[in-house]
Amino acid sequence: MAKYNGVIFDLDGVITDTARYHYLAWKKLADELGIYFDEAINERLKGVSRIESLEIILEKSDKKYSDEEKKYLANKKNEYYKEMIKNITPNDLLVGVEAFIQELKMRNIKTAIASVSKNAFTVIDNLGIRDKFDYIVDANEIKNGKPDPEIFLNAAKNIGVPPEKCIGIEDSGAGITAIKRAGMFAVGVGNPETVKEADLVLKDLSNADEILKLL
Ligand code: B16
Ligand code: MG
């Protein structure tokens, strides 16, 4: 019997480099507000919801913002982000992703996407990959963001695979914690320091053979 029957992908930073656009959109907002923000702080934003990300950025500000102002600022960042993702095409799939998904399909492994981004479906449609997955979690249905395991457990349930038979792939620290709390095998890609708690760390999915060996 196969050890794993399901693979659950994070979107931003795993399937495509939208993590870069999230950073650039937050950077634009932080610069306008005169708040210090760099790529190291940005590592803490990965996998974290929009409003929680803003709270992390505002830690470096002396000014206190009202809830109303925070809502306005989070929305402003989202407008910058939406402008950036408009031009995404199938060419923006990260290296190795397409071949890996094809191989999983051939081996009858179920696949899902677990992204907390409210813009996930726009990105997925621009990449042209909606029909390549057995299930895509709708972020609007998730009550608790990563590091809570809810989104990964929801994905596993909807592909009909028990969590312990699933592999989760993430580029964020919060996401790796979520996968492990869900009782799944965690693969980390991207910044090795950020995903150091993963069971397997890869540069990107061009090394997906390492995951296929586990199946
Ligand atoms: P939005 P993932 C996450 O997506 C991003 O990693 C994180 O940086 C972002 O703040 C969050 O989505 C919310 O995104 O503002 O578009 O709703 O990594 O879970 O695919
Ligand atoms: Mg991510």
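Which residues does glycine 96 touch, not counting residues up to four places away in sequence? In this predicted model, the partners of glycine 96 are Leu205 and Ser206. The contact links distant parts of the chain: glycine 96 and asparagine 207 are 111 residues apart in sequence, yet their C-alpha atoms are 7.4 Å apart in space. Glycine 96 itself belongs to the loop between H4 and H5. With a relative accessible area of 24%, glycine 96 is partly exposed, because that class lies between the limit of 20% for buried residues and the limit of 50% for exposed ones.

The loop between H4 and H5 also holds lysine 86. Here the relative accessibility is 54%, so lysine 86 counts as exposed. A second pair of positions gives a sense of distance: lysine 86 and aspartate 31 are 55 residues apart along the chain, and 23 Å separates their C-alpha atoms.

Three helices near the start of the chain can be introduced together through their contacts. Helix H1 spans residues 18–33 and helix H3 spans residues 50–58, while helix H4 covers residues 67–85. The axes of H1 and H3 come within 12 Å and cross at roughly 45°. This angle makes H1 oblique to H3, and the crossing of the two is right-handed. On the H1 side, the contact is formed by Trp26, Leu29 and Ala30, which meet Arg50, Ser53, Leu54 and Ile57 of H3. By class, five nonpolar residues, one polar residue and one charged residue take part in the contact of H1 with H3.

H1 also packs with H4. Their axes come within 9 Å and cross at roughly 135°, which makes H1 oblique to H4. This crossing, too, is right-handed. From H1, the contact draws on Thr18, Tyr21, His22, Leu24, Ala25, Trp26, Lys28, Leu29, Glu32 and Leu33. These residues meet Leu73, Lys76, Lys77, Tyr80, Tyr81, Met84 and Ile85 in H4. The contact of H1 with H4 divides into 11 nonpolar, two polar and four charged residues. Trp26 and Leu29 of H1 thus appear in the contact with H3 and again in the contact with H4.

The remaining pairing is that of H3 with H4. Their axes are 10 Å apart, and the helices pack at an angle of about 105°. H3 is therefore roughly perpendicular to H4. In this contact, Arg50, Ile51, Leu54, Glu55 and Leu58 of H3 meet Lys70, Leu73, Ala74 and Asn78 of H4. Five of the residues in the contact of H3 with H4 are nonpolar, one is polar and three are charged.

Leucine 45 connects this region with the chain just before H3. The residue is found in the loop between helix H2 (39–43) and H3. Is leucine 45 buried or exposed? Its relative accessible area is 5%, so leucine 45 is buried. Leaving aside residues up to four places away in sequence, leucine 45 touches Trp26, Phe37, Ser53, Ile56 and Ile57. One of these partners, isoleucine 56, is 11 residues from leucine 45 in sequence and 7.5 Å away in space, C-alpha to C-alpha. Trp26, another partner of leucine 45, is also one of the H1 residues that meet H3.

A metal site is present as well. The magnesium ion (ligand 2) has Asp10 (OD), Asp12 (O) and Asp171 (OD) as its protein donors, at 2.0 to 2.2 Å. Along the chain, the donors follow the spacing D-x1-D-x158-D. Aspartate 10 and aspartate 12 are both buried.

Two features of the backbone complete the picture. Most residues other than glycine have a negative phi, and most peptide bonds are trans. Asparagine 108, although not a glycine, has a positive phi of about 60°. The residue sits in the loop between helix H5 (97–106) and strand S2 (110–113), and its relative accessibility of 68% means that asparagine 108 counts as exposed. The other feature concerns the peptide bond from lysine 146 to proline 147, which is cis, with omega near 15°. Proline 147 is located in the loop between strand S3 (135–136) and helix H7 (150–159).

Note on methods. Residues numbered from 1 in each chain as written. Chains lettered and ligands numbered in written order. Predicted model: local features only at pLDDT ≥ 70, side-chain atom pairs only at ≥ 80, totals over all residues. Heavy atoms only, no water. Axes fitted to C-alpha atoms, helices over the stretch in contact; angles between N-to-C directions. Helix = DSSP H or I, 4+ residues; strand = E, 2+ residues; numbered from the N terminus. Parallel < 35°, antiparallel > 145°, perpendicular 65-115°, else oblique. Left-handed = near helix turned anticlockwise from the far one by under 90°. Contact = heavy atoms within 4.5 Å. Nonpolar A, V, L, I, M, F, W, Y, C, P; charged D, E, K, R; others polar. Donors = N, O, S within 2.8 Å, 3.2 Å for Na, K, Ca; no water. Buried < 20%, exposed > 50% of the residue type's maximum accessible area, 1.4 Å probe, protein only.
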